[in-house]
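These are my notebook entries on side-chain contacts. I looked up rings and charges, one after the other.

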Amino acid sequence: MKLPTLRKPKSPPFVTVVSGLPRSGTSMMMKALEAGGLAVVTDRQRTADEDNPQGYYEMERVKQLDKGDTTWVADAQGKVVKVIAALLEHLPPGYHYRVVFMQRAMPEVLASQRKMLQRRGEPTDRVSDEELTRLFTKHVQMVETWLRAQPNFQVLYVDYNRMLADPLPYVRQVNQFLEGRLDEQRMAEVVDPALYRNRA
């Protein structure tokens, strides 16, 4: 008697999340994932400008996560959405998440934020760089600790600075993390060193 072939059960669909501090390369990663073939969750309300010439890849409803607006997450399964680090803990349980967490040299994050505030005509001297560095570093450490405790979250940390210098190894790593279904060559092609303007 022929035994039935046992099929490996499919893994449940997951939500791909690109996260990190503001100005840490999240928009670049979103563009790379889109180029690789992953559908992005965005309302395109925030259009490209001098600070993000390639676009922001944001959805306004994501900013309401801490207020309980989470119904959109079900439709984000199999897609990628940008969620800043401070809002990760408000993603609803009951879903599987794979987080691509962007890391960037802190002086560059601060310089990029300062330039963006200057263009908007907002004050940039309310808090010193030293204090901001301390606050941001502590915040990221708290987020990383929280992520490690979540059974439904998998996390890949990506160095923005190194990815710009040599995209392909990092693109390959991201693709493998997301089950190897993306076009790595197209992803690497959209990593544009010309956008690296706020070097430490």
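**Entry 1, charge and ring.** I looked for a charged group placed over an aromatic ring and noted Arg98, whose charged end sits over the ring of Phe14. The distance to the centre of that ring is 4.1 Å. I record here that the model is predicted.

**Entry 2, aromatic pairs.** I searched for paired rings and obtained four aromatic pairs in the structure. One of them joins Phe101 and Tyr157, with 5.5 Å centre to centre and 55° between the planes, a tilted arrangement. I then placed both residues: Phe101 belongs to strand S3 (residues 96-103) and Tyr157 to strand S4 (residues 153-159). The two are 56 residues apart, and the pair thus links distant parts of the chain. I also looked up accessibility for each ring. Phe101 has a relative accessible area of 2% and is buried, whereas Tyr157, at 30%, counts as partly exposed.

I next took the pair of Trp146 and Phe153, for which I noted 5.2 Å centre to centre and 75° between the planes. This pair is edge-to-face because the angle is over 60 degrees. Phe153 is buried at 9% relative accessible area; Trp146 is partly exposed at 24%. I found that Trp146 and Phe153 also belong to one aromatic cluster together with Tyr95 and Tyr97.

**Entry 3, salt bridges.** How many salt bridges does a search of the whole structure find? I recorded 10. Among them is the contact between the side chains of Lys82 and Glu58, at 3.8 Å from N to O. Lys82 lies in strand S2 (residues 80-82) and Glu58 in the loop between helix H1 (26-36) and S2, so this bridge ties together parts 24 residues apart in sequence. I noted that Lys82 and Glu58 are buried. I followed the contacts further and found Glu58 and Lys82 linked with Glu60 and Lys63 in a network of salt bridges.

I also looked up Arg104 and Glu108, whose side chains meet in a salt bridge of 3.1 Å, N to O. Both residues, Arg104 and Glu108, are buried.

A further entry concerns Glu184 and Arg172, with a salt bridge of 3.3 Å, N to O. Glu184 is in helix H6 (residues 184-189) and Arg172 in helix H5 (residues 167-177), so the pair ties together parts 12 residues apart in sequence. Is each partner buried or partly exposed? Glu184 counts as buried, at 18% relative accessibility, while Arg172 counts as partly exposed, at 34%.

Key. Residues numbered from 1 in each chain as written. Predicted model: local features only at pLDDT ≥ 70, side-chain atom pairs only at ≥ 80, totals over all residues. Heavy atoms only, no water. Phe/Tyr/Trp six-rings, centres within 6.5 Å; stacked < 30°, edge-to-face > 60°. Helix = DSSP H or I, 4+ residues; strand = E, 2+ residues; numbered from the N terminus. Buried < 20%, exposed > 50% of the residue type's maximum accessible area, 1.4 Å probe, protein only. Lys NZ or Arg CZ within 6 Å of the ring centre and 35° of its normal. Salt bridge = Lys/Arg side-chain N within 4 Å of Asp/Glu carboxyl O.
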